[in-house]
Protein chains: 2
Amino acid sequence: MPSNTSVRLARRPTGVPVHDDFSLVVDDAEAPGPGQVLVRVDLISLDPAMRGWLDDRPSYLPPIALGEVVRAAGVGEVIASQHPRYPEGSVVTGTFGVQEYAVAEGASLTRVNPTLGTPSMYLGVLGLTGLTAYFGLFTHGRPRAGDTVVVSGAAGAVGSVAGQLAAISGCRVVGVAGGPDKCAYLTDALGFDAAVDYKAARLRSALRETCPDGIDVYFDNVGGAVLDAALANLAMNARIVISGAISQYNADAATPGPSNYMALLVRRASMTGFLVFDHAAEYRVARNRLAGWVATGQVVAPETIVPGQVADFHEVLLRLFRGDNLGKLILDIST
Amino acid sequence: MPSNTSVRLARRPTGVPVHDDFSLVVDDAEAPGPGQVLVRVDLISLDPAMRGWLDDRPSYLPPIALGEVVRAAGVGEVIASQHPRYPEGSVVTGTFGVQEYAVAEGASLTRVNPTLGTPSMYLGVLGLTGLTAYFGLFTHGRPRAGDTVVVSGAAGAVGSVAGQLAAISGCRVVGVAGGPDKCAYLTDALGFDAAVDYKAARLRSALRETCPDGIDVYFDNVGGAVLDAALANLAMNARIVISGAISQYNADAATPGPSNYMALLVRRASMTGFLVFDHAAEYRVARNRLAGWVATGQVVAPETIVPGQVADFHEVLLRLFRGDNLGKLILDIST
C-alpha cells in the first residue's frame, strides 16, 4: 500500500482556522474491503461549509472528530478495487477527505463521465456546488421569467452558477460580490445584468437602485449585512433561499440575525433553508441539464485551481474566507 | 349630527406610546355621503399591529398621519344610512377608528350575524384576529395530525385561537406565554398539551424538554428571544409562520434578528410571513368554520372587555404591551 499523507483536525478552530488547528499525518493507505475501492486523490474541493464541520455542534452532518481526516469532496482514480462497477482506472468523485489516498464505499461514488465534463467540473458546476445552485434556485427560489433575482457571493462557486441559471430562466439577475474586479467579471463574463460591490456600496440603497421593483428571489450564500439589505428590498411574495452564510462561519460569538426579518410579513415573503443532499434522487437529471448548458456556453463555470500538496490545505482554505477565489476553489495534488 | 369625540395621533411615539402621543378632539360627526353610513361605535378593538401604524414607516398599510384618528377595528350600529344593504339599526363591523361615531363606506362593512356570534366575537375569534390564526395556521403552517405545534403569545387573541385550531388538527400543542396564570389557563381552559412560561424558563431548554421530537410548526406572535429559541428546536421540514412580533414593536432601535436563522438550512425549514388581508376571498368560509367550532366548544375565545370611553384608549392599549390581557382586548364604549 502506498504511503498516505492526510490532513487531520488537531483542535477546534476559534474564528478563522489557523495553521495549528490541523496536523499532517503520514501512514500507509489501507486496503479496500469488500465493496470498497482505494482511490488516489487528484483534486480536493474547498467549500465554505467545511468551516461548520470543524465545530463541535450538531448540524446536518456530524462534526469532524479530533484526529479525523478533514472531510472534503474530491476526484481521483481507482487504483485498487473490490467493487465490480469501479475497476482500477475508473475516475470517480466522492467524499475522500483531505488526503492523498482514500478508501471509499463503491456505492457512495459517482463516475466522472468525460462526455459531460472535466474532472474538476465534477467538483464544481457538475458537483455539489452546481447542484446546490440548481436545486436552491429552481426548487426553492421558483423563479419566473421577468423576476428580479439577487445572488450574494455571486462570484463564488455556487453563486456564479445560480445567477446564470436565473438568467436562463428569463430573470433579471443582480450579483453581490466583493470588489470591482469580481463585479466586472459578473457582468462581463457571466452575463449578470448588474452587480453590487458590497465592499464599496451602501448596500441597502444600492440594492434599491439596482432593483427598483424589489427583489423577487434572493439566493443567499453570505448572510449578515447583505441578507439584511435584501430583506429591506423585497418585492411582494418574495422567496429567500438560504444556501449558506459564509460571512458568519468564522464568527467567534453568536452573530446577530437578520434584524429586518419582519419584512417577511410586510411583503408576504418566505425564507427557506435547504440542503442539496435531499435532492439526490434528482442529481442525474440536474447534472445532465447543467452539462448541457455548459456545452452551449449558457453557463460559464469559473474555477480557481491551485496546484499543490495536501499540506497546502490550510493556506488554500483561507482564500475562501478572504474571498480571493473566483468560482470553484480546488486544490490539485495530482502533480 | 351628534358630537363625536375621537383619539388622534398627536406625535409619533418613541418606544412605548405615552399619553401625550395622542390628543382628544371633539367635533360634530359628519353626515354619510352616497354609499356611506354613519356608525355609532360600541366596541373598539385593540391590536398589537396598531403600534406599527403609529410609526412613519412604509408597511402593509400607510402610517397614520399626524392629526388623523387612530386606526382601529370596531363594531357599532348604523344610525344614518345611504347604503341600501345597511339600513339604520344594522350592527356592523369595520375599521371605524378610535372615536364615537364613524362614517364608513358601506362596501367596507361586514354585518354582525347574531346566529354566528356576539358583536365582540366579530373583533376576536370571528374577526381579523381569529382569521389571522386560521389562515396563518392552516394555509401557512400546514399542520398535519401528530405534528408538534408551538404558539407564542399563546394567551393572546391570535395565539389562543391558533393553538386550539392546531389541537383540532390533531397536533400536540405547546403554548408560550408570560406567567404561571396564563400558562395554567392554556392547559386547563384551552386544552393546550403543555405551556412554557417565557418569564421563568430557560426558553431553549424548556422547548427542548416540551418538544423532544422538535417543533414542526412554530406560530410566532412575539419575535425576539422566543423566536430564536424555537429556531434552535426545529424538527426537519419545520414551518415557521410569522404572524407578529409584539416583543419588538416598542423597540427604540433596530432589534437584533433571530441569530439562529441558519437552523432553517440545517432543518430544511421555512419561515413565512403573511397578512390576513390577502385571504379576504376566504373570510366567509373561515368565519363559518370558526363559529362552528365555538358553538361546539372546540374553540374557546377568551376576551378582555374593558368598559370605558375613547379617552381611555391609551391606558387600555398599554395592557397589550404589558401582557395584562387574556385573549382579545376590547374597549367597550357603549355605556
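How many Å separate the centres of domain 1 of chain A and domain 2 of chain A, taken over C-alpha atoms? The centres of these two domains lie 28 Å apart.

This is a predicted model, in which local features need pLDDT of at least 70 and side-chain atom pairs count only at pLDDT 80 or more, while totals for chains, interfaces and linings use all residues. Residues are numbered from 1 along each chain as its sequence is written, and chains are lettered from A and ligands numbered from 1 in the order in which they are written.

## Domains of chain A

The domain assignment of chain A gives domain 1 as residues 3-124 + 301-332 and domain 2 as residues 128-277; such bounds come from an automatic or database domain assignment. Where the two domains meet, domain 1 of chain A contributes 18 residues and domain 2 of chain A contributes 17 residues, two residues being in contact if their C-beta atoms, placed from the backbone, lie within 7 Å. On the side of domain 1 of chain A that touches domain 2 of chain A, the elements giving two or more residues are helix H1 (49-53) and strand S15 (328-332) of chain A, and H1(A) gives the most, with three residues. Helices (H or I, at least four residues) and strands (E, at least two) are DSSP runs, numbered from the N terminus. That side of domain 1 of chain A is made up of ten nonpolar, six polar and two charged residues, where Ala, Val, Leu, Ile, Met, Phe, Trp, Tyr, Cys and Pro count as nonpolar, Asp, Glu, Lys and Arg as charged, and the others, Gly among them, as polar.

## How the two chains meet

A turn of 180° with a shift of 0.0 Å along the axis lays chain B on chain A with an RMSD of 0.0 Å, the copies being superposed by least squares on the C-alpha atoms of residues with pLDDT of at least 70 in both. The two copies are therefore related as by a two-fold rotation axis. In chain B, the C-alpha nearest the axis belongs to Gly257(B), at 2.0 Å from it.

Contact between the chains involves 26 residues of chain B and 26 residues of chain A. On the side of chain B that touches chain A, helix H7 (263-266) and strand S13 (270-273) of chain B are the elements that give two or more residues, and S13(B) gives the most, with four residues. By class, this side of chain B holds 15 nonpolar, eight polar and three charged residues. Because 100% of the interface residues of chain B are also interface residues in chain A, the copies meet through the same surface.

Strand S13 (residues 270-273) of chain A pairs with S13(B) in the antiparallel sense over three bridges, pairing being assigned if DSSP finds at least two bridges between two strands. Within this pairing, Met271(A) has Met271(B) as its bridge partner in S13(B).

## The core and strand S8 of chain A

The largest nonpolar core has 215 residues, of which Val39(A), Val150(A), Val39(B), Val150(B) and Ala230(B) touch the most other members. A nonpolar core is a set of buried Ala, Val, Leu, Ile, Met, Phe, Trp, Tyr and Cys residues joined through C-beta atoms within 7 Å. A residue is buried if 20 or more other C-beta atoms lie within 10 Å of its own, exposed if 12 or fewer, and partly exposed in between, with C-beta atoms placed from the backbone.

In strand S8 (residues 148-152) of chain A, five of the five residues are buried, with Thr148(A), Val150(A) and Ser152(A) on one side and Val149(A) and Val151(A) on the other. S8(A) runs parallel to strand S9 (residues 172-177) of chain A, to which five bridges join it, and Val151(A) has Gly175(A) as its bridge partner in S9(A).

Leaving aside residues up to four places away in sequence, Val150(A) touches Val174(A), Val176(A), Leu207(A), Cys211(A), Ile215(A), Tyr218(A) and Ala230(A). Ala230(A) is found in helix H6 (residues 224-231) of chain A, and with the same exclusion of residues up to four places away in sequence, Ala230(A) touches Val150(A), Leu207(A), Ile215(A) and Tyr218(A).

## Two alanines and a helix

| Residue | Element | C-beta atoms within 10 Å | State |
|---|---|---|---|
| Ala230(A) | H6 (residues 224-231) of chain A | 27 other C-beta atoms | buried |
| Ala235(B) | S12 (residues 234-242) of chain B | 18 C-beta neighbours | partly exposed |

Helix H2 (residues 128-141) of chain B is mostly covered, with twelve of its 14 residues buried, including Leu128(B), Phe135(B) and His140(B). Just after H2(B), Arg142(B) takes a positive phi of about 45°.
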